[in-house]
Amino acid sequence: MVASSEAGAFGFLAAAVMTPAEIASKIAAVRAATSRPFGVNFHMFQPGAAEIVDLIIANRDQVRAVSFGRGPNAAAITRFRNAGILCIPTVGALKHAVKMQALGVDMITVQGGEGGGHTGSVPTTILLPQVLDAVRIPVIAAGGMADGRALAAALAYGAVGIAMGTRFLMTRESPVAEAAKRCYLKADTDDIVLTTKLDGLPHRMLRTRFVDRLAVSGRLSMWMRAFECARDMKYQTGASWPELIRSANAMRTHGAATLPQALLAAAAPMLIRRAVIDGDAETGIMATGLVAGRLADLPTCRDLVDGIIADANTRLAALAGGASVASAA
Ligand SMILES: Cc1cc2nc3c(=O)[nH]c(=O)nc-3n(C[C@H](O)[C@H](O)[C@H](O)COP(=O)(O)O)c2cc1C
């Protein structure tokens, strides 16, 4: 994250399964490593969320934005806005974009179905113009973005920029385990699946033996997996059982159908961390965008960001220099 910020992008600290104490120490570490502004990604259903909001606001001189998939209420958004911190939720459906605008957020990241992790069903090419037509606030395009062509295209659609998850995951500096990086590099588009089996929500990930087992698992094994994940999550976040159940129940209003699925939804970032950071592909999941299927290199963040800007500028200049669409008449 520090490398992406230093390269000129706006990095977000992924804090969805951190305790407030961990977030405090990570924010301090980022502050020590860069003077660039950065954001924090979290969600309001995670244990200790109220404390996390306070923590972010206390660091408002450098934490300039928050992003969230499952969003804060209007009160939290107002607190961030009063502190001068931009609220930039990620949405995967038109109705969520409209709702977020009504709640008073500053910008919206639109993630088309190609995107990594929890994702919607509508591809970027459809969702982006849908949202652009429906809201008045600035929109950032995400889901499948990886190069200068994508940036130029997003600007042409009317977005103000692009957000990338998978492309930054596949960089030299990303903290992803080497074993996991090799899996991402090897993956073809056919090796990337969208499943609701994990937690009831559509989730894009690399196909692994764990994911194949998941596909055929019955109710009992779902319960067992949910219990194990909740126990690990309790250990990792220090949350109590009632807090975990509350967090899981909140997920049920976001698409997870059953309690075991809701527990797995709450634990999903932890399962991603297990595979992606700790390199344990057997019991974790490697969330990814479909774009990993066409990426075959691990550039430095600096080369990546510079290359994207240079390529987008070349393409935009070429278009501005007289390219036009021939009349159909
Ligand atoms: C491994 C992985 C983990 C992710 N974790 C989160 C998360 O914890 N919170 C969140 O809001 N988005 C998360 N995302 C989604 C990204 O923030 C971003 O919107 C998405 O990756 C954009 O699509 P792309 O993968 O095609 O670039 C994750 C994506 C990936 C690939």
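**Exercise 1. The ligand and its surroundings**

In this predicted model, an oxygen atom of the ligand is 2.6 Å from an N or O atom in the side chain of Gln111. Determine which other side chains place an N or O atom at a stated distance from a ligand oxygen atom, beginning with Asn41 and continuing with Thr166.

*Solution.*
Step 1. For Asn41, the distance from a side-chain N or O atom to an oxygen atom of the ligand is 2.9 Å.
Step 2. For Thr166, the corresponding distance is 2.5 Å. The protein covers 80% of the 610 Å² of accessible area that the ligand has on its own.
Step 3. These side chains belong to a wider group. There are 14 residues around the ligand, and those that come nearest are Asn41, Gln111, Gly144, Gly165 and Thr166.

**Exercise 2. Asn41 and Ser67**

Describe how Asn41 and Ser67, which are 26 residues apart along the chain, are placed in space.

*Solution.*
Step 1. Locate the residues. Asn41 belongs to strand S2, residues 38-41, and Ser67 belongs to strand S3, residues 63-67.
Step 2. Compare the C-alpha positions: those of Asn41 and Ser67 are separated by 4.7 Å.
Step 3. Examine the side chains, which are joined by a polar contact of 2.8 Å.
Step 4. Consider the accessibility of each residue. Asn41 has a relative accessible area of 24% and is therefore partly exposed, whereas Ser67, at 6%, counts as buried.
Step 5. List the contacts beyond four places in sequence. Asn41 touches Phe12, Leu13, Ala14, Ala15, Ala16, Ser67 and Phe68. Ser67 is in contact with Phe12, Val40, Asn41, Phe42 and Ile88. Phe12 thus appears in the list for Asn41 and in the list for Ser67.

**Exercise 3. The faces of helix H11**

Identify the buried residues of helix H11 and state where they lie around its axis.

*Solution.*
Step 1. Establish the extent of the helix. H11 spans residues 219-237, has 19 residues and reaches 26 Å from its first C-alpha to its last, close to the 27 Å expected at 1.5 Å a residue.
Step 2. Name the buried residues: Met222, Arg225, Ala226, Cys229, Ala230, Met233 and Thr237.
Step 3. Consider their directions. These residues cover an arc of only 135° around the axis, so they are on the same side of H11.
Step 4. Turn to the face away from the buried side, where H11 carries the exposed residues Leu220 and Tyr235.
Step 5. Proceed past the end of the helix. Gly238 follows H11 and has a positive phi, near 75°.

**Exercise 4. Helices H5 and H9**

For helices H5 and H9, state which elements their buried residues pack against.

*Solution.*
Step 1. In H5, residues 94-103, the buried residues are Ala97, Met100 and Gln101. They cover an arc of only 100° around the axis, which puts them on the same side of H5.
Step 2. This buried set packs against strand S5 (90-91), strand S6 (108-111) and helix H6 (124-134).
Step 3. On the face of H5 turned away from the buried side are the exposed residues Lys95, Lys99 and Ala102. After H5 comes Gly104, with a positive phi near 100°.
Step 4. In H9, residues 178-186, the buried residues are Ala180, Lys181 and Tyr184. Seen down the axis, they fall within an arc of 100°, so they line one face of the helix.
Step 5. The buried residues of H9 pack against helix H8 (166-169), strand S11 (203-206) and helix H13 (259-276). The face of H9 turned away from them carries the exposed residues Glu178, Arg182 and Lys186.

**Exercise 5. Thr195 in its setting**

Decide whether Thr195 is buried or exposed, and name what Thr195 touches.

*Solution.*
Step 1. Thr195 lies in strand S10, residues 192-195.
Step 2. The relative accessibility of Thr195 is 14%. Buried means under 20%, and Thr195 therefore counts as buried.
Step 3. Beyond four places in sequence, Thr195 touches Leu201, Pro202, His203 and Met205.
Step 4. At shorter sequence range, the side chain of Thr195 reaches the backbone nitrogen of Lys197 at 2.9 Å.
Step 5. Val176, by contrast, is 19 residues from Thr195 in sequence and 22 Å away in space, C-alpha to C-alpha.

Technical notes. Residues are numbered from 1 along each chain as its sequence is written. This is a predicted model: local features need pLDDT of at least 70, side-chain atom pairs count only at pLDDT 80 or more; totals for chains, interfaces and linings use all residues. Side-chain values use heavy atoms; hydrogens and water are left out. Helices (H or I, at least four residues) and strands (E, at least two) are DSSP runs, numbered from the N terminus. The expected span of a helix is 1.5 Å times one less than its number of residues. Buried means under 20% relative accessible area, exposed over 50%, partly exposed in between (1.4 Å probe, protein chains only). The arc is that of the directions from the helix axis to the C-beta atoms. Contact means heavy atoms within 4.5 Å. A polar contact is a pair of N or O atoms within 3.5 Å; within protein, one must be able to donate a hydrogen and the other to accept it, and residues adjacent in sequence count only if both atoms are side-chain atoms. A residue is near a molecule or strand if one of its heavy atoms lies within 4 Å of it. Accessible areas come from the Shrake-Rupley method with a 1.4 Å probe; for residues, only the protein chains shown count as cover.
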